[in-house]
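Reader: I should like to go through the classifications used for this structure and ask for the grounds of each. Please set the value against the criterion in every case.

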Amino acid sequence: IVFDQGLGDLFVIRVAGNCLDTATLASLQYAIHHLKVKVVVVLGHEACGAVKAAQLPSDKLEQEPSELEQALKNIKAGLDAGSLQHILDPRALDREAVTTN
C-alpha cells in the first residue's frame, strides 16, 4: 500500500530518469483531463541508473541503441555539468545529479 491507497487507486507513470517526453506528458494529460486526477507526485531516487548512465562521455552514449542514446542525451542536457564536475565523492555526485535532473 502506497499513500494509503489500494491497487488501481493510483495512476502510475514510470520513466527512466524522470524525463518529460511526449509520451509522459500525454499520459499526465490523460490522467488529469480524463481520469480527473487531482494530485501529481514526482518521485525520484538516489543512485538512478539512467542519470548515472547519462553522465558517461558522449561517445559511450552513441554506442547505445538510438532511442536509449537519445533519452540519455536528453537527461545529460538537463544536468548542470559545471557544478557536478567539482564533486569528487561518487555517492554525493549521484545524489546531486539526481537532484539537478
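Author: A residue is called exposed when its relative accessible area is over 50%, buried when that area is under 20%, and partly exposed in between. The model discussed here is a predicted one.

Reader: Why is Val39 called exposed?

Author: Val39 has a relative accessibility of 62%. The cut-off for exposed is over 50%, and Val39 at 62% therefore counts as exposed. Val39 lies in the loop between α1 (22-33) and α2. Together with Phe3, Leu10, Val12, Val41 and Leu43, Val39 forms a nonpolar surface patch with about 620 Å² of accessible area.

Reader: What makes Glu69 buried, and where is Glu69 placed?

Author: The relative accessible area of Glu69 is 18%. Buried requires a value under 20%, so Glu69 at 18% is classed as buried. Glu69 is placed in helix α4. Leaving out residues up to four places away in sequence, Glu69 touches Leu61, Glu62 and Glu64.

Reader: How do you know that Glu69 and Lys73 form a salt bridge?

Author: The N to O distance between their side chains is 2.8 Å. A salt bridge needs a Lys or Arg side-chain nitrogen within 4 Å of a carboxyl oxygen of Asp or Glu, and the pair Glu69 and Lys73, at 2.8 Å, satisfies this. Because Glu69 and Lys73 are 4 residues apart in helix α4, about one helical turn separates them. Glu62, Glu69 and Lys73 are joined into one network by salt bridges that share partners.

Reader: What makes the pair of Lys73 and Glu62 a salt bridge as well?

Author: Their side chains meet at 3.5 Å, N to O, and the limit is 4 Å. Lys73 is in helix α4 and Glu62 in the loop between α3 (58-61) and α4, so this pair ties together parts 11 residues apart in sequence. Lys73, at 26% relative accessibility, counts as partly exposed, and Glu62, at 49%, is also placed in the partly exposed class.

Reader: Why is Asp94 called buried and its partner Lys52 partly exposed?

Author: Asp94 has a relative accessible area of 14%, and buried means under 20%. Lys52 has a relative accessibility of 47%, which falls in between the limits of 20% and 50%. The closest N and O atoms of Asp94 and Lys52 are 3.0 Å apart, and the two residues form a salt bridge. Asp94 in helix α6 (residues 90-100) and Lys52 in helix α2 are 42 residues apart, and the pair links distant parts of the chain. The whole structure holds 3 salt bridges.

Reader: Why is the aromatic pair of Phe11 and Tyr30 called tilted?

Author: One aromatic pair, 1 by count, is found. The ring centres of Phe11 and Tyr30 are 6.2 Å apart and their planes meet at 45°, so the pair is tilted. Centres must lie within 6.5 Å, and tilted covers planes that are neither under 30 degrees apart nor over 60. Phe11 lies in the segment before α1 and Tyr30 in helix α1, so the pair ties together parts 19 residues apart in sequence. Phe11, with a relative accessible area of 39%, is partly exposed, and Tyr30 is partly exposed at 42%.

Conventions: Residues numbered from 1 in each chain as written. Predicted model: local features only at pLDDT ≥ 70, side-chain atom pairs only at ≥ 80, totals over all residues. Heavy atoms only, no water. Patch = residues over 30% accessible without salt bridge, like charges linked within 9 Å, V, L, I, M, F, W, Y side chains within 5 Å. Areas by Shrake-Rupley, 256 points an atom, 1.4 Å probe, with all protein chains shown as cover. Helix = DSSP H or I, 4+ residues; strand = E, 2+ residues; numbered from the N terminus. Buried < 20%, exposed > 50% of the residue type's maximum accessible area, 1.4 Å probe, protein only. Phe/Tyr/Trp six-rings, centres within 6.5 Å; stacked < 30°, edge-to-face > 60°. Contact = heavy atoms within 4.5 Å.
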